[in-house]
Amino acid sequence: MDFLHDKNLVTDKYLRACAVGVIRRGETRANAEEHLAELEELLSTYGVPTAEKIIANAEKTTAAFLVGSGKVEEVRERAEAMECEVIVVDDDLTPLQQRNWERVTKLAVIDRQEVILGIFADRARTKEAQLQVELARARYSLPRLQRAWTHLERQRGGRGFKGGSGEAQLETDRRLVRNRITQLRRDLEHVRQVRATQRKSREYHEVPTVSLVGYTNAGKSSLMRCLTGADVLVEDKLFATLDPTTRRIHLDAGREVLLTDTVGFIRKLPHGLVEAFKATLEEAQLADLLVHVIDSSHPQWHEHLEAADAVLEELEALDKPTVFALNKADLLQDRSTFARFREKHEACVFTSAVTGEGIEDLQRMLHKMLPQLRQRLSLRVPAGRGDVLSWLHREGQVLRTEYDGGDALLDVMLPRALAERAAQWAAPEAVSGTA
């Protein structure tokens, strides 16, 4: 029952893959080809070379295969001719669609989501990341336990779920997976509580927090190393960083900031992974300021921006104050392509972790923006208003609490957007300011 150490949902990594791109309604062939190229890079990161690439039209999707049965037969023939051992579809397949593909092609068939899950499993290092990946994979595996590849003499599922045929065994497997999912959720809830305790400690010392976010391989870890001197992992690979790394940096005038590097985003990021990694991504949710790192040299940087924004929106962090770091500027040929973007986003700077360009400008921008983010208020709240006290502890940083008769006297640091709402409880002698 150990998903963690069964590194691949597919027993072994395959020698040759046939990658299938999908053109959905409203998409162009160029978009599908770009996504397929990214899938090839994902497979390379996963350790699987791509021997053949095919584009399939799915403007009218089918319940049986997602694409037309004729295209499935074409893929089978080309995969066979290229001696491929696995077919990888650059879209999400339902369990039924995967079984149908395998029945027709007589090959193992996986989708983009399974490749990403496999990469995450390979790269998870800390206990927290391992728990998160295992939870995502357990959820993914649950509806797929009955898949059987008789030609490979194995049954679908994680290690410990390869039991014999029959509904009784299948139901036992499902119950074991559900129980494991429940336990993993409890373990991750404990992780969240530990993080909350650590965060409260930082709040007590009034240290602002900044999170690096952005598309995978945009250079977040490289920027972190430049800003902090931290010995963090830097690789030119997708999802090189899964575990959040937090380091203290010093800005001008002695101001300190806690900077956190977070997991990268990607197009079609499985929702299960977003859900599982909530404990990690809370750093972006609760940060005072985001630094959105963009690979400015990538021709599809705007699509990467949209994909990252979609995840931030799901985390309810899209509206946070943000500095945009147009990274890898040393590789950018024409900076005028960002003219309109920089007009729209004033807090924007070109950076290069290789040459050091823009690092000092980024630090100055952080120093400039941080005082504008939070406001300190002295409040008098009736002790019976537990709802208000709970809201203040949840949304702000309670620096001091005393009691005067039936009232609670608090010094609270709140995001500026919420300070006005809390002003109705301001103590008559209150002096508010910024921090």
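Student: Are both Asp-90 and Arg-112 buried or exposed?
Tutor: Both are buried. Buried means under 20% relative accessible area, exposed means over 50%, and partly exposed is in between, with a 1.4 Å probe and protein chains only. Before going on: this is a predicted model, in which local features need pLDDT of at least 70 and side-chain atom pairs count only at pLDDT 80 or more, while totals for chains, interfaces and linings use all residues. Residues are numbered from 1 along each chain as its sequence is written, and side-chain values use heavy atoms, with hydrogens and water left out.

Student: What makes the meeting of the side chains of Asp-90 and Arg-112 a salt bridge?
Tutor: The rule asks for a side-chain nitrogen of Lys or Arg within 4 Å of a carboxyl oxygen of Asp or Glu. For Asp-90 and Arg-112 the N to O distance is 2.6 Å, so the pair passes the 4 Å limit. By this rule the count comes to 26 salt bridges.

Student: How do you know that Asp-90 and Arg-112 link distant parts of the chain?
Tutor: They are 22 residues apart, with Asp-90 in the loop between β3 (86-89) and α3 (95-105), and Arg-112 in helix α4 (residues 112-123). Helices (H or I, at least four residues) and strands (E, at least two) are DSSP runs, numbered from the N terminus.

Student: How many residues apart in helix α12 are Asp-361 and Arg-364?
Tutor: They are 3 residues apart, so about one helical turn separates them. Their salt bridge has its closest N and O atoms 2.4 Å apart. Asp-361 counts as partly exposed because its relative accessibility is 39%.
Some salt bridges share partners: Glu-34, Glu-38, Asp-90, Arg-112, Arg-267 and Glu-303 are joined this way into one network.

Student: Which salt bridge does Arg-364 form with Glu-360, and at what distance?
Tutor: Their side chains meet at 4.0 Å, N to O. The two residues are 4 residues apart in helix α12 (residues 359-369), so they too are separated by about one helical turn. In general, side chains of opposite charge can pair when their charged atoms come close.

Student: Why is Glu-360 called exposed?
Tutor: Its relative accessible area is 55%, and the label needs a value over 50%. Arg-364 has 44%, so it is called partly exposed.

Student: Why does Thr-322 count as buried?
Tutor: Its relative accessibility is 17%, which falls under the cut-off of 20%. Thr-322 lies in strand β11.

Student: Which residues does Thr-322 touch, leaving out those up to four places away in sequence?
Tutor: Leu-289, Leu-290, His-292, Ala-347 and Met-369. Contact here means heavy atoms within 4.5 Å. In addition, a polar atom of the Thr-322 side chain lies 2.8 Å from the backbone oxygen of Lys-320.

Student: What makes β8 and β12 edge strands?
Tutor: Each pairs on one side only. Two strands pair if DSSP finds at least two bridges between them. The open sheet has 6 strands in the order β8-β9-β7-β10-β11-β12, with mixed pairing.

Student: How do you know that β7 and β9 pair?
Tutor: They share 4 bridges, in the parallel sense, and at least two are required, so β7 and β9 count as paired. One such bridge has Ser-211 with Thr-260 as its partner in β9.

Student: Why is strand β1 described as largely enclosed by the rest of the structure?
Tutor: Because 7 of the 8 residues of β1 (residues 17-24) are buried. β1 pairs with β3 in the parallel sense over 4 bridges, and Ala-19 stands opposite Val-88 in β3. With β2 (residues 50-58), which also runs parallel to β1, there are 8 bridges. Arg-24 has Ala-58 as its bridge partner in β2.

Student: Why is Val-104 called partly exposed?
Tutor: Its relative accessible area is 23%, which lies between 20% and 50%. Val-104 lies in helix α3 and touches Phe-65, Val-72, Glu-73 and Arg-76, not counting residues up to four places away in sequence. Val-104 and Glu-73 are 31 residues apart in sequence, and 7.4 Å apart in space, C-alpha to C-alpha.

Terms used: A polar contact is a pair of N or O atoms within 3.5 Å; within protein, one must be able to donate a hydrogen and the other to accept it, and residues adjacent in sequence count only if both atoms are side-chain atoms.
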